[in-house]
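Reader: I would like to go through this model and ask, for each label, what value stands behind it. Please set the values against the cut-offs where the reasoning needs them.

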Amino acid sequence: MSLVKLTIKGISYSQTQNGAYALILNEVDGDRKLPIVIGAFEAQSIAIALEKEIRPPRPLTHDLFKNFADRFDIVVKQVIIHKLVDGVFYSSIICERDKIEEIIDARTSDAIALALRFNAPIFTYKNILDKAGIYLKASSDEENPDDVLSSPETFGMGEESNQSGETYTKHSLAELNELLEGAVRDEDYEKAAKIRDEISRRES
C-alpha cells in the first residue's frame, strides 16, 4: 500500500462532541483533508508545538517525552496513521536508536504531538485517505467563521470562545503582551493562543 504525506492545516472546535477538537490534516499532493477528533489536552499540546512563540514554563507530557528521547538518543523518524476502525484512527511511531528501528503503537493525537516536536513527517495509507478523506470547500467569508477552519495560531477560537464572549480587541499591544506573559505563566495555553492571535493580527 502506498503512503500519502500529510501536513497539519489547523485545529477547530468540534461541532459534534462537547469539549473535543477537530485536528485537520492536509494531503500534501492533493486536495483532501483528514479530520480527526481529539481531546482538549492533546489539542492544546499540538497547538503549543505549532505556536513557536508560546513556551510553557514547565514541560508538558509530550515535551517530557521529547527531552527523555533526546537524552537517550532516540529519534522519531516518522508517524504513520495505519488503521481506521469504527471511526478510530490507529497510529504507529517509527523510532530509531543506535541504528535499530522500532515501531511503537500510539494514539494518533499523541503521535502527531510528538511528530511536531521531532519535526518528523506524518503519513497515512492511500486506502485510509480514500475512505475517510473529505474535500472541504474553501471560504473567505469572515462573517461565517463556522465554515472556516481555525489556523494553528487560533486554537480555541471556535464555538467555545464565542460562547464565553472573551475578546481582546480593546486592549493595547502592551497590555496584550502583558496578558500573554501572564497566561503562559499560569499555563492557560488556550487563552495564550487567543491573545497571540490578536497580537499577530495587529502586527501583520
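Reader: Which residues does leucine 25 touch, and how do you know that they count as contacts?
Author: The model is predicted, and in it leucine 25 touches Leu6, Thr7, Ile8, Lys9, Arg32, Lys33, Leu34, Ile36, Ile81 and Ile112. That list leaves out residues up to four places away in sequence. A contact requires heavy atoms within 4.5 Å, so each listed residue has a heavy atom within that distance of leucine 25.

Reader: What makes the largest nonpolar core a core, and which of its residues touch the most other members?
Author: Its members are buried nonpolar residues joined through side-chain atoms within 4.5 Å. There are 36 residues in this core, and Leu25, Leu34 and Ile46 touch the most other members. Two or more residues come from each of β1 (3-13), β2 (20-27), β3 (33-39), α1 (40-50), β4 (75-85), β5 (88-97), α3 (108-118) and α4 (126-132). With seven residues, α3 gives the most.

Reader: Which residues does the second core include?
Author: Tyr168, Leu180, Ala183 and Ala192 are among them, in a separate core of 10 residues.

Reader: Why is β2 called largely enclosed?
Author: Buried means under 20% relative accessible area, and eight of the eight residues of β2 meet that condition, so the strand is largely enclosed by the rest of the structure. Both faces are covered. Ala20, Ala22, Ile24 and Asn26 are buried on one side, and Tyr21, Leu23, Leu25 and Glu27 on the other.

Reader: How do you know that β2 is paired, and with which strands?
Author: Pairing needs at least two bridges. Seven bridges join β2 to β1, and the two run antiparallel; tyrosine 13 stands opposite tyrosine 21 in β2. Seven bridges also link β2 with β3, again in the antiparallel sense, and here asparagine 26 is opposite lysine 33 of β3. With five residues between them, β2 and β3 form a hairpin.

Reader: What makes β3 and β6 edge strands?
Author: Each of β3 and β6 (100-107) pairs on one side only. The order in the open sheet of seven strands is β3-β2-β1-β7-β4-β5-β6, and the pairing is mixed. From one strand to the next, the twist averages 35 degrees.

Reader: What makes the pairing mixed?
Author: Strand β7 (residues 122-125) shows both senses: it pairs with β1 in the antiparallel sense over four bridges, and with β4 in the parallel sense over three bridges. On the β1 side, lysine 5 stands opposite phenylalanine 123 and leucine 6 opposite isoleucine 122. On the β4 side, isoleucine 122 is the bridge partner of valine 79. Both faces of β7 are covered as well: Ile122 and Thr124 are buried on one side, Phe123 and Tyr125 on the other.

Reader: Why is α3 called mostly covered?
Author: The count is 11 of its 11 residues buried. Polar and charged residues are included, such as Ser109, Asp110 and Arg117, alongside Ile112, Leu114 and Phe118. Just after α3, asparagine 119 takes a positive phi of about 55 degrees.

Reader: Which strands does α1 lie across, and at what angle does it run to β3?
Author: It lies across β1, β2, β3 and β6, and runs at about 120 degrees to β3.

Reader: Why is serine 92 called buried?
Author: Its relative accessible area is 11%, which is under the 20% cut-off, so serine 92 counts as buried. This residue is found in strand β5. Leaving aside neighbours within four places in sequence, serine 92 is in contact with Gln78, Val79, Ile80, His82, Ile103 and Ile104.

Reader: What makes the pair of serine 92 and histidine 82 a polar contact?
Author: Their side chains are joined at 3.3 Å. The limit for such a pair of N or O atoms is 3.5 Å, so the value falls within it.

Reader: How many helices and strands does the chain have, and what share of the chain is buried?
Author: There are seven helices and seven strands. Buried residues make up 45% of the 204 residues.

Note on methods:
Residues are numbered from 1 along each chain as its sequence is written. This is a predicted model: local features need pLDDT of at least 70, side-chain atom pairs count only at pLDDT 80 or more; totals for chains, interfaces and linings use all residues. Side-chain values use heavy atoms; hydrogens and water are left out. Buried means under 20% relative accessible area, exposed over 50%, partly exposed in between (1.4 Å probe, protein chains only). Axes are lines fitted to C-alpha atoms, for helices over the stretch in contact, and angles run from 0 to 180 degrees between N-to-C directions. A polar contact is a pair of N or O atoms within 3.5 Å; within protein, one must be able to donate a hydrogen and the other to accept it, and residues adjacent in sequence count only if both atoms are side-chain atoms.
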